[in-house]
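Visitor: I would like a close look at a single part of this model. Please start with one residue, then show me what surrounds it and how the rest of the chain is built.

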Amino acid sequence: MTRARRMAAVSVAWVVSLLLGATMTPGYVRAETLRITGTGGAIGGMRLLAEAFRKAEPGVDVIILPSIGSSGGIRAAIAGRLDIGLSARPAGPEEMAQGARQTAYARTALVFAVHPDVKRSGTTLAEVVEIYAGRKTTWDDGSALRLILRPTFDTDTISLRDMSPEMAYAVEQSQKREGLIVATTDQNSADAIERTRGSFGTVTLALVVSEKRRIRVLSLSGVKPTMKSVRDGTYPCTKTFYMVTRPTPSPAAGKFIRFVRSPEGKAILSRVGHVPLP
């Protein structure tokens, strides 16, 4: 098991057992309580949706827990420890066979981002390959370039490998490099980019906008990651967000899913870096 995989497994297990388990103790859970978490890129938007939903359905308490990643969200939803798991990947055949049911609700850009002090507005795929392969380790002014990695099996890493054969090789090389920061969740990645001078890493546009992060988002090969470029397909790297439940979601979960897909829910998502799906 790799160092990154061990870190992610410990993180998911600890959060699921302590945070999710704590919400199920006697006297805490109300008759209609929704527990939601999963991929960190979707959590900022979900918090805004939950706030609006509470006003529309005051009898339902919506609890948005800290990120446990896409796989953690799917597993917890299947096990009934979450009412809705959030995922940045579709549930796999095995997960579907275990009872996962999913609803795709929005897309967003997977972006390359840097510390605010980095004097850059854009990058290219060729340069990204050089960075991940370890051949580019300084910025144009000679300052250190600090690559923030994601775990091998993370959806960001998978998306990067899918960009090109050269990128897939570079990502493989990056996982072998020693001394790099490995961010196990989207929030961890944004935190590391914010606080590490010279940083370079991946995060979602939805997270940056919804959480008002102080990081610089880069254009890729001349295309800015915007709602328009995601919608029309000119920005090449996107993620789709899913709400995952058991085969028969609770009445409260059903109400919330319908709210997310309603005109009001879509309007909220549109304001914070999401492109709602039909």
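Guide: Start with Ser219. Its relative accessible area is 14%, which is under the 20% cut-off, so Ser219 counts as buried. Keep in mind that this is a predicted model. Ser219 sits in strand β10, which covers residues 219-220. Now look at its contacts. Beyond the neighbours within four places in sequence, Ser219 touches Ser121, Gly122 and Thr123. Lys224 and Pro225 are also in contact with Ser219.

Next, a residue to set beside it: Glu130, in helix α5. Its relative accessibility is 30%; that value lies between the 20% and 50% cut-offs, so Glu130 is partly exposed. Leaving out residues up to four places away in sequence, Glu130 is in contact with Arg135 and Lys136. Glu130 and Glu166 are 36 residues apart along the chain, and their C-alpha atoms are 9.6 Å apart.

Helix α5 leads on to the nonpolar interior. Residues 125-133 form α5, and this helix supplies at least two residues of the largest nonpolar core. That core has 40 residues. Those touching the most other members are Phe112, Tyr132, Leu147, Met167, Phe200 and Val203. Other elements also supply at least two residues each, including β4 (101-114), β6 (146-149), α7 (165-174) and β8 (199-204). Helices α8 (186-195), α9 (205-210) and α10 (227-232) do so too. Strand β4 gives the most, with six residues. A second core is separate from this one and has 28 residues, among them Ile36, Met46, Ala252 and Phe259.

Now the second largest pocket. Its volume is about 160 Å³. The lining includes Asp117, Val118, Lys119 and Arg120. Trp139, Asp140, Asp141 and Ser143 line the pocket as well, as do Arg197 and Gly198. By class, six lining residues are charged, two are polar and two are nonpolar.

Finally, step back to the whole chain. It has twelve helices and twelve strands. Of its 278 residues, 55% are buried. Take the contacts with a separation of 6 or more: 76% of them join residues 24 or more positions apart. The chain exposes about 12,300 Å², and carbon and sulfur atoms supply 55% of that area.

Key. Residues numbered from 1 in each chain as written. Predicted model: local features only at pLDDT ≥ 70, side-chain atom pairs only at ≥ 80, totals over all residues. Heavy atoms only, no water. Helix = DSSP H or I, 4+ residues; strand = E, 2+ residues; numbered from the N terminus. Buried < 20%, exposed > 50% of the residue type's maximum accessible area, 1.4 Å probe, protein only. Contact = heavy atoms within 4.5 Å. 1 Å grid on protein atoms, 1.4 Å probe; cavity = no way out; pocket = protein on both sides within 12 Å on 5 of 7 lines; lining within 4 Å. Points joined across faces, edges and corners; volume = space filled by probe spheres on them. Nonpolar A, V, L, I, M, F, W, Y, C, P; charged D, E, K, R; others polar. Core = buried A, V, L, I, M, F, W, Y, C linked by side-chain atoms within 4.5 Å. Areas by Shrake-Rupley, 256 points an atom, 1.4 Å probe, with all protein chains shown as cover.
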